[in-house]
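Trainee: Hi, do you have a minute to look through this one with me?
Mentor: Sure, put it up and ask away.
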Amino acid sequence: MEWVNAIIQGLLTGGLYALFACGLSLMFGVMKVVNLAHGDLAVVAGYLGVGVIAVTHMPVLWTIPVVVVLMAVIGYILQRSIIQGAISRGELTTLIVTFGLSIIIENGLQQFFTANSRGLGVGDSFITASFSIGSQIIIPWLNLGIFVLAVIVLLGLNQYLSVTKYGRLIRAVADDREAAQLSGADYRHVFGIAAAIAFGTVAIAGICEGMITTISPTIGTDTILLFAFASVVIGGLGSLWGTLLGGIVLGVAQAIGAQINPSWEPLAGYAVFLLVLVIRPQGLTSRGAQA
Amino acid sequence: MTGQLAAGSRSADFSDVRVTRSRRNTVPSGIGALVLIVVLFALPFYVKSGPLGIMVQGLIVLTLASMWNLLAGYAGLVSVGQQAFFGLGAYFVLIPAMHGITPWFGLVIATIAAGACAVPLWWLVARLRLGYFAIATWVLASVVMLVIEQISSIGGGTGEPLPGLSGMQPAVLTAYTYWAALAVAVLAIGGVYLLLRSKIGLTLTAIRDDERAARSSGVRVGLARMGVFIAAAAGCGAAGGVLAIEQLQVVPGTSGGVFSVQWTAEMAFAVIIGGIGTIEGPILGTIVYMVLQQTLQSYNAWYLIILGVVAITIALFARRGLWGTVVDRFNIRLFPVGYHLWASGEGQRWRRRRRRPATQAAS
């Protein structure tokens, strides 16, 4: 029963990892940008949440839409200025600029907010509430809620990209930006919108991380970016369903590892990542690029 | 291609065309480099331990920057996980020292062992392209750290003091550490210079200029990249070994430890600021780094933030870095690794024309 419990907990954590990963996946899929500052931006979103709560005293759940909008605006501006500038100068420049942003954000947060970790919404009753199935399986409502939210976000994004008119435009630009430009689409604006969407999902991920555990300046790269990347690789590049599956596989692997030996939690996840990298480099779902 | 030109210069048609490594005479700059090394070697006889300690830090960053430049500037491998080899180097000095082998010889072990560790890790990431390669190396560095932290006999997650040097006087130890750091840095830069002048250098230049064309001309791209990855790992390992000796302890961990991504940030920023894809760039970048770090050392990590802002600005607006700007203006090369094709009678008039050399792309 302990094992079943561990696997269920891992599955729920996997939803959070999929949330981490979907922004990374989207930005690579559309702009071919590997955003090394991805995890640190999630931490920024978490601190924005802390700030919004401190100023307005609104309940933590209401901060999610506020921070999502804020981060989407930041994403659009950042994409249209620095990242677009880097894209036009080549892949190496893009990597250096996003890596530089990552280091600047991480150290800047440490200067302003110290290295201490903070939690979001500590004291709200739903954060600690849980229900149990049988005697051994205890499921916190929060973890279940985040898992459901992750599925809704990924499903919604997938539908948005495949069904709506603007989603098709984003895919067209992703496939061939010159051709889309010739057909009258301003690809820079489309890139900006895609970045805004990606940053919005990053905001949700950052606040969920803050609610489920705590946030501190260093988790941006140590956990969020690397777990997000592992999820993307395990699931297969360019597929949002694959990203969800990859997050779940990573979460379950970590939970099983932690069950054997608590200090093996991250290692067990990376072991699966390396295994997939060697045996099935195209990922578990080997469908073609979708996003 | 430049090789054919060199051969052609012997035939009758091109009798007045010469091909040399540099437009200018390299003897003065070579002598200058030798004098500089001698002066740096004699430094412990004139300055106190404090400045020497700062020099050791600078030489560590210089070694790391030269290695990262080789990776990113010549082989197109943007690694964000070089701290893996840096940390492994520190541990490969620590582990022999715990079994009674002197840390000075440990540096040799660290260099070879870090290079050897790069072989299986390369096999894991070799397939990945630029951006994914970058994050994958970061994951590998994290994995290496997590594995090392599991081994309690070498300090686990808390670290271990370095034995074997407690008998030495502090001043003598600082001087020896400085010489070790200097030797590692000189060997690293010299190694990069010789590597780039060799056949591998020509291969790397071909890859850098046009990978697809190089591949279709039969250049073994994967093999050259693997060689560079292993060489850079060995260099970073040696630098990590020097750090272990300087700090007299090895601490793992991502914040402040040997596996901190900060090491890769420092080497990358130094390379970008100095000028990527030139041997002189990392040297200049390290000087900028040291000046910033020393002037802002009482403001915690602000030097790193400012360094990051400068690196982003240079990456966006002056891609060739500080040294690239110098080359463009004055056409100086301290370490010529390319070739220059002299037009007939060009030698007498180059001073007034100040034209960019015809084979700029190959340098």
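Trainee: Is H57(A) buried or exposed?
Mentor: This is a predicted model. In it, H57(A) counts as exposed, because 7 C-beta neighbours lie inside 10 Å and the cut-off for exposed is 12 or fewer.
Trainee: Where does H57(A) lie?
Mentor: In the loop between α2 and α3 (60–87) of chain A. H57(A) also has a positive phi of about 60°, although it is not a glycine.
Trainee: What about K32(A), what is its phi?
Mentor: Near 55°, so to speak a positive value in a residue other than glycine. K32(A) sits in the loop between α1 (2–31) and α2 (38–56) of chain A. K32(A) is partly exposed because 15 other C-beta atoms are within 10 Å, which falls between the limits of 12 and 20.
Trainee: Switching to strands: in which sense do β1 and β2 of chain A pair?
Mentor: Antiparallel, over 4 bridges, with β1 covering residues 130–133 and β2 residues 137–140. I133(A) stands opposite I137(A) in β2(A).
Trainee: And how many residues are between the strands of that hairpin?
Mentor: There are 3, and in this hairpin G134(A) takes a positive phi near 65°.
Trainee: Last topic, the two chains. How many residues are in contact?
Mentor: 34 residues of chain B are in contact with 35 of chain A. On the chain B side, α6(B) gives the largest share, 11 residues.
Trainee: What kinds of residues make up that side of chain B?
Mentor: They divide into 25 nonpolar, 7 polar and 2 charged.

Notes:
Residues numbered from 1 in each chain as written. Chains lettered and ligands numbered in written order. Predicted model: local features only at pLDDT ≥ 70, side-chain atom pairs only at ≥ 80, totals over all residues. Pairing = 2+ DSSP bridges. Helix = DSSP H or I, 4+ residues; strand = E, 2+ residues; numbered from the N terminus. Contact = placed C-beta atoms within 7 Å. Nonpolar A, V, L, I, M, F, W, Y, C, P; charged D, E, K, R; others polar.
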